[in-house]
Structures are given as structure tokens and as C-alpha cells.
Amino acid sequence: MCLFGVGPPRSALFTAFSQLGLLYSGGVFPNAPVARPGFCAIIKLYSARDAHRAQQACHEKHLFQNSPVKLHLGTKHKAVQHQALALNSSQCQELANYYFGFNGWSKRIIKLQDLSDLEERENEDTTEPLQKESLKFFCALEVVLPSYEGKSLGVGMVEEPLDKLQEGPLSFLMKRKTTQKLPIKKAMSDAFQKLLVAVLESGKIAVEYRPCEEITDARTQEELHDLIQAPGY
């Protein structure tokens, strides 16, 4: 949606529209110097239904100032095809809490495995130049929707370069702890990518599981199966 008027604080804009639906993103931009003073804001909501409701409720209304704002739905799309960015784990959690409720969904870590092999490399007796060490973790988890009798498997793998001599023992432990959390977030994002959530006009929600054909992290299906070792997948 595009909104035109006299510039409000960004926080006031988000407060007003978050009451009408879950916001995906938003930004406030000043008018061009050749135009009269004012602003243009671009608001994106997850649901087209909520966007229509917001347009009907706020168009030509006094939201932030004495003069009314003009609110228009975005209808133009670029002809050039581009790959949509996946939601990050925080956005997935926000989306799930909003539409399913805090108790309407859950995630279960099936496996969290350290693939770094740092000790094996240190014990190797070889004359070949050592490759730069790195921390590598794999995670497999499932998102469960009890009310819809559905679940979705997600996998994630993260590898971070490591220089133990420069970082020291304490920094190494902190970096290992931080790196260990990253594949969990990545796996959660991967699990939600396989769920199609549709908000119907009546307000009811429909969910469909659509497994992706692409192999995550360029691994084969056999390798992923050996890492996960979970029944039902």
C-alpha cells in the first residue's frame, strides 16, 4: 500500500497499521524537492485481505495530522521475474503466533549435530597444508500444527571460519555457542517455506504442506536422511 500525507513518525505509522493486520515491512520517504512538503509511505502486509481492510478504514482519514491521508493499494508488479526472499526465523515466529496463536504451533529439534571435526584435524599426521578450520553445525527440526494435523520438516547447515589462535579459548566458546544457534534458525525458516498459509475471506485459515524439490545446502537426499535419522521422513 502507498500512503501520502504529512510525514508522521515511523513508530506512529506502524502502531496505526499493526492494528489492522500483521505488517511485513514499512518505510517513510519524503516527497521530492519539486513537490510540496509531505511524505510517501510504503506499507506491506502479509495478507491481501488485511491490506484491503486497511485501505477502506484509513483512506481520506486523519491518522497523524489535520490533513487526511490518501491510501492506495499497490497494483503494479515488475515484469522481471525474481526469487522471493524466504522469511527469517523471527518473521516465521511472528507469523505463526499471529495466525495460529502462541499455543497453536510448536517446533521440535530432531537433531543438532556438530560436523566441525576439529579434534580429528588436530590429530591428523600429514605433511599437506592444513585447511582453514571452521565451525560447522547441522540441524533438523519440525514445525507442528496440531489443529491442522500437519507438520513440516526443515533442515539447516551453517559453517563459520575459525581462527582459534587469534580468538582465544573464551572467544572460541562464545563463537561456537553463537554458531550453534544459526542452523536452528535456518531450519525453522526452511520448514515454514514448505507451508502454504491461506487466510480466507471469512477469516478462517487453511494450511497446506508443499515440500520443496530443491535439496537444502547442496546435499543429496541420502546424506540428509543419514544425518536426520527420524521416522516418518
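**View 1. Strands 2 and 3 run side by side in this predicted model.** Strand 2 covers residues 23-30 and pairs with strand 3 in the antiparallel sense, with seven bridges between the two. To get your bearings in the pairing, find Ser-25: the residue standing opposite in strand 3 is Lys-44. Strand 3 itself spans residues 39-45, and five of its seven residues are buried, so this strand is largely enclosed by the rest of the structure.

**View 2. Strands 5, 6 and 7 make up an open sheet.** The order across the sheet is 5-6-7, and the pairing is antiparallel. At the edges sit strand 5 (106-114) and strand 7 (150-161), each of which pairs on one side only. Neighbouring strands here are turned against each other by 20° on average, ignoring direction. As a reminder, strands of a sheet pair through backbone hydrogen bonds, and they can do so in a parallel or an antiparallel way.

**View 3. A closer look at strand 5 against strand 6.** Eight bridges hold the register between strand 5 and strand 6 (residues 134-145), in the antiparallel sense. A handy landmark is Asp-114, which stands opposite Phe-137 in strand 6.**View 4. Helix 2 has a buried side and a side turned away from it.** The helix takes in residues 48-58, and its buried residues are Asp-50, Ala-51, Ala-54 and Cys-58. Look down the helix axis and these buried residues fall within an arc of 100°, so they line one face of the helix. Flip to the face turned away from the buried side and you meet Ala-48 and Gln-56, both exposed.

**View 5. The two ends of helix 2 each have a detail to look at.** At the start of the helix, Ser-47 brings a side-chain oxygen to within 3.2 Å of the backbone nitrogen of Arg-49. Just after the helix, the backbone of Glu-60 takes a positive phi of about 60°.

**View 6. Leu-71 sits in strand 4.** This strand is residues 70-72. With a relative accessible area of 0%, Leu-71 is buried; the cut-off for that label is under 20%. Ala-54 makes a useful second marker: 17 residues separate it from Leu-71 in sequence, and the C-alpha to C-alpha distance is 8.7 Å. Ala-54 is also one of the buried residues of helix 2.

**View 7. Asp-190 in helix 5, with its polar partners.** Helix 5 runs over residues 164-193 and includes Asp-190. Is this residue buried or exposed? Its relative accessibility is 9%, so Asp-190 counts as buried, given that the label applies under 20%. A polar atom of the Asp-190 side chain lies 3.0 Å from the backbone nitrogen of Val-155. Val-155 belongs to the stretch 150-161, which is strand 7 at an edge of the open sheet. The Asp-190 side chain also makes a polar contact with the side chain of Lys-194, at 3.3 Å.

**View 8. Zooming out to the whole chain.** Step back and the chain shows six helices and nine strands. It has 233 residues, of which 33% count as buried. Take the contacts between residues at least 6 apart in sequence, and 62% of them join residues at least 24 apart. The accessible surface comes to about 15500 Å², with 53% of that belonging to carbon and sulfur atoms.

Note on methods:
Residues numbered from 1 in each chain as written. Predicted model: local features only at pLDDT ≥ 70, side-chain atom pairs only at ≥ 80, totals over all residues. Heavy atoms only, no water. Buried < 20%, exposed > 50% of the residue type's maximum accessible area, 1.4 Å probe, protein only. Pairing = 2+ DSSP bridges. Axes fitted to C-alpha atoms, helices over the stretch in contact; angles between N-to-C directions. Arc of directions from axis to C-beta. Polar contact = N/O pair within 3.5 Å; in protein donor to acceptor, adjacent residues only side chain to side chain. Contact = heavy atoms within 4.5 Å. Areas by Shrake-Rupley, 256 points an atom, 1.4 Å probe, with all protein chains shown as cover.
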